Amino acid sequence: MNIPSFRLAIGIAACMAGNLAVATENGTDTFALGAEGFKTGNLPPPGVYLLAYYENYHASRFNDKHGKSLIPGFGVNVDAIVPRIVWMTETTIMGGLLGFSAVQPMLDLRVSQGGMTDQRQAMADFIPAVFLSWHNGNHHWATVMEAVFPTGDYDKNQMANAGKNYYTLRPLILYSYIQPNGWEFSTKASYNFNSTNHATNYHSGQYFAADYAAGYEIIPHWTVGLEGHVFKQLTSDRVDGSDIGFRGQEVAYGPGLHYQGQGWSLEAKYLKETLVENRPEGTSTWVKFVWAF
């Protein structure tokens, strides 16, 4: 049985004090860029599954809209442990299998800028989701509706915040083309709608975000290839209702490795960000473990 990846979302960067205007508030968002990769669209049969993610994200610069360093002395390091429970029911709707999931990220944040530092260990925002999945030969796909609730630790006067203090609603499409003992192409794509952070009157713009993976099963159970993500903000941020014209973007790429066991799987990847505007620029290391109860 193929145990697939599932979308999760966490904030993965510094939340900085002050009124610096950058694309999406403080240049961060609630989409966990790079979390998913191989077998993303191949959701499992009815049952209960545990997905456990670990990520380290490190950045030593914050880019402006021209891709140049914007904040002197900027640095951020995030260690994230993210458990996700998935329940695939036996119910079908329009031929698709109905499922639910819940995510509660836990973050260790270390932030610096301009000679100041801050560190925090805290819960991030809670993320439930509902989805339908289909399978047809080598093609596997799913539609997902995910929400982010502002339950995480947040204080507008802190440099480091695990929570975002606003809601996000994101529809997603997951897809995988998997050849037995051959090539695989997988992606997940989302469009994200944010509410206003009423502590700062900042409304982060809408954005498109997606993960991708292309690989080959070199020997039974082992797939290697290229993984990464893309982020493109499509509407500008607003402060006190006024359009401030800032939008973010980035692309990331790197090697990935996936092992499929009997009722479990393990995946690891290393990603480097490039073409970054109005956001931190850094690297991330992901490890994901999936277990079928």
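Me: Before I ask about charges, which residues count as positive and which as negative?
Reply: Lys and Arg count as positive, Asp and Glu as negative; His and the chain ends are not counted. The place of a charge is NZ of Lys, CZ of Arg, CG of Asp or CD of Glu.

Me: OK, how many of each, and how far apart are the centres of the two sets?
Reply: The protein chain has 19 positive and 25 negative side chains. The centres of the two sets lie 4 Å apart.

Me: What kind of model is this?
Reply: It is predicted: local features need pLDDT of at least 70, side-chain atom pairs count only at pLDDT 80 or more, and totals for chains, interfaces and linings use all residues. Residues are numbered from 1 along each chain as its sequence is written, and side-chain values use heavy atoms, with hydrogens and water left out.

Me: How many helices and strands?
Reply: Zero helices and 18 strands. Those are DSSP runs numbered from the N terminus (helices H or I, at least four residues; strands E, at least two).

Me: Switching to Pro255. Which strand is it in?
Reply: Pro255 sits in β16, residues 249–260.

Me: Buried or exposed?
Reply: Pro255 is exposed, because its relative accessible area is 53%. The cut-offs are under 20% for buried, over 50% for exposed, partly exposed in between (1.4 Å probe, protein chains only).

Me: What does Pro255 touch?
Reply: Leaving out residues up to four places away in sequence, Gly225, Ala268, Lys269 and Tyr270. Contact means heavy atoms within 4.5 Å.

Me: And how much of the chain is buried?
Reply: 52% of its 293 residues.
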